Amino acid sequence: MLYNEGRGPLWEAHDTGCLAFLMAVLAGTAETDYFGHLHEVLKPTEHRFETADETLGASRR
């Protein structure tokens, strides 16, 4: 997998798929120059996913 830093010409290659890479970024185990700082800045204690209804509120019909 290749990804771009988004604001310049630099690319970083990884021997994994997109989902595995994103999970590693969220877990703080990804070896990357671009996203490695996120785990240090945010210092998450746990990951929690919400449903759309929890995030946006249940739809009113």
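**Note on the predicted model**

1. The chain exposes about 5,500 Å², of which carbon and sulfur atoms supply 56%. The coordinates under review are those of a predicted model. Buried residues account for 13% of the 61 residues in the chain.

2. On secondary structure, the chain contains three helices and two strands. Read from the N terminus, the elements follow the order β-β-α-α-α. As for the range of the contacts, take those between residues at least 6 apart in sequence: 11% of them join residues at least 24 apart.

3. The largest nonpolar core consists of five residues, namely Tyr-3, Phe-21, Ala-24, Val-25 and Ala-30. Helix 1 is the element that gives the most to this core, with three residues. Ala-24 is a member of the core and is found in helix 1. With a relative accessibility of 18%, Ala-24 counts as buried, because the limit for that class is under 20%. When residues up to four places away in sequence are not counted, Ala-24 touches Thr-29 and Ala-30; Ala-30 also belongs to the core.

4. His-14 deserves separate comment. This residue is found in the loop that runs between strand 2 (11-13) and helix 1 (18-27). Its relative accessible area is 13%, so His-14 is buried. The side chain of His-14 is joined to that of Glu-12 by a polar contact of 2.7 Å. With neighbours within four places in sequence left aside, His-14 is in contact with Met-1, Tyr-3, Phe-21, Glu-31 and Thr-32. Two of these partners, Tyr-3 and Phe-21, appear in both the contact list of His-14 and the list of core residues.

5. Thr-32 may be read together with His-14. Thr-32 lies in the loop between helix 1 and helix 2, and it is buried, with a relative accessible area of 13%. A polar contact of 2.6 Å links the side chain of Thr-32 to the side chain of Glu-12. The side chain of Glu-12 is also the partner of His-14 in a polar contact. Apart from neighbours within four places in sequence, the residues in contact with Thr-32 are Tyr-3, Glu-12, His-14 and Phe-21.

6. Gly-17 is found in the loop between strand 2 and helix 1, the loop that also holds His-14. Its relative accessibility is 39%, so Gly-17 counts as partly exposed. Gly-17 and Met-1 are 16 residues apart along the chain, and their C-alpha atoms are separated by 6.1 Å. Met-1 is also among the residues in contact with His-14.

7. At the surface, Leu-19, Met-23, Leu-26 and Phe-49 make a nonpolar patch of about 470 Å². Phe-49, one of the residues of this patch, is found in the loop between helix 2 (36-42) and helix 3 (52-56). Phe-49 has a relative accessible area of 68% and is therefore exposed, the limit for that class being over 50%.

8. In summary, His-14 and Thr-32 are buried loop residues, and each has a polar contact with the side chain of Glu-12. Phe-49, by contrast, is an exposed residue that contributes to the nonpolar surface patch.

Note on methods. Residues are numbered from 1 along each chain as its sequence is written. This is a predicted model: local features need pLDDT of at least 70, side-chain atom pairs count only at pLDDT 80 or more; totals for chains, interfaces and linings use all residues. Side-chain values use heavy atoms; hydrogens and water are left out. Helices (H or I, at least four residues) and strands (E, at least two) are DSSP runs, numbered from the N terminus. Buried means under 20% relative accessible area, exposed over 50%, partly exposed in between (1.4 Å probe, protein chains only). A polar contact is a pair of N or O atoms within 3.5 Å; within protein, one must be able to donate a hydrogen and the other to accept it, and residues adjacent in sequence count only if both atoms are side-chain atoms. Contact means heavy atoms within 4.5 Å. Patches are made of residues with over 30% relative accessible area and no salt bridge: like charges are joined within 9 Å, nonpolar side chains (Val, Leu, Ile, Met, Phe, Trp, Tyr) within 5 Å. Accessible areas come from the Shrake-Rupley method with a 1.4 Å probe; for residues, only the protein chains shown count as cover. A salt bridge is a side-chain nitrogen of Lys or Arg within 4 Å of a carboxyl oxygen of Asp or Glu. A nonpolar core is a set of buried Ala, Val, Leu, Ile, Met, Phe, Trp, Tyr and Cys residues joined through side-chain atoms within 4.5 Å.
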